[in-house]
Amino acid sequence: MNEETDTGSPAPPRLKRIGRILYITGLVIVVSVIILGLAVVLVAAYTGSLIVVSNYGGYAILALLFGILLIVAGLIALILPGGFSKDAVWAMRSGPFK
C-alpha cells in the first residue's frame with residue numbers, strides 16, 4: 001500500500017480563493033442570464049417583436065452553460081483543493097486498467 005503518511009495539511013489558500021471566485025462568478029452569470037432573460041421577454045411582449053428574443057436565446061444558452069460549468073469548477077476547487085488523497089491515487093494506479 002502507500003507507505004507515505006498523510007500529514008493532513010490544510011488546503012492551499014490560493015486554490016480555495018480561486019474556487020470561491022469561480023463559484024461567485026458562475027452564480028453572477030447564471031443570475032444575470034435569468035434576469036436579462038426576463039427583461040428581454042418583457043420588452044418583446046411590450047413591443048411585439050420576436051427578433052430580440054430569438055437573437056438573445058443563442059447567447060443566453062451559452063452563457064448559462066458557461067456559468068454552470070464555473071459553478072461546478074468552483075465547488076470542486078473548494079471541496080477538493082488538494083486533489084485526491086494519496087491512497088486513492090495509489091489504488092487507481094495499481095488497478096488492471098493502466
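This passage describes the overall fold, the surface patches and one long-range pairing in a predicted model of a protein.

The protein consists of 98 residues, and its secondary structure comprises three helices and zero strands. Along the sequence, these elements follow the pattern α-α-α. Helix 1 spans residues 13-47, and helix 2 covers residues 51-79. Among contacts with a separation of 6 or more, 83% join residues that lie 24 or more positions apart.

Burial and surface composition were considered next. Buried residues account for 17% of the 98 residues. The exposed surface of the protein amounts to about 7,800 Å², of which 73% is supplied by carbon and sulfur atoms.

A nonpolar patch was identified on the surface, formed by Ile68, Val72, Leu75, Ile76, Ile79 and Leu80. Together these residues contribute about 540 Å² of accessible area. One of the members, Val72, is located in helix 2. The relative accessibility of Val72 is 42%, and Val72 is therefore classed as partly exposed, since this class lies between the limits of 20% for buried and 50% for exposed residues.

A second patch on the surface carries positive charge and brings together Arg14, Lys16, Arg17 and Arg20. Of this group, Arg20 is placed in helix 1. Arg20 counts as partly exposed because its relative accessibility is 46%.

Helix 2 also contains Phe66. With a relative accessible area of 48%, Phe66 is likewise partly exposed; this value falls under the 50% limit above which a residue would be called exposed. Phe66 is separated from Gly26 by 40 residues in sequence, yet the C-alpha atoms of Phe66 and Gly26 are 7.5 Å apart in space. Gly26 falls within the range of helix 1, residues 13-47, whereas Phe66 belongs to helix 2.

In summary, the predicted model presents a protein of three helices without strands. The surface bears a nonpolar patch that includes Val72 and a patch of positive charge that includes Arg20.

Terms used. Residues are numbered from 1 along each chain as its sequence is written. This is a predicted model: local features need pLDDT of at least 70, side-chain atom pairs count only at pLDDT 80 or more; totals for chains, interfaces and linings use all residues. Side-chain values use heavy atoms; hydrogens and water are left out. Helices (H or I, at least four residues) and strands (E, at least two) are DSSP runs, numbered from the N terminus. Buried means under 20% relative accessible area, exposed over 50%, partly exposed in between (1.4 Å probe, protein chains only). Contact means heavy atoms within 4.5 Å. Accessible areas come from the Shrake-Rupley method with a 1.4 Å probe; for residues, only the protein chains shown count as cover. Patches are made of residues with over 30% relative accessible area and no salt bridge: like charges are joined within 9 Å, nonpolar side chains (Val, Leu, Ile, Met, Phe, Trp, Tyr) within 5 Å. A salt bridge is a side-chain nitrogen of Lys or Arg within 4 Å of a carboxyl oxygen of Asp or Glu. Lys and Arg count as positive and Asp and Glu as negative; His and the chain ends are not counted. The place of a charge is taken as NZ of Lys, CZ of Arg, CG of Asp or CD of Glu.
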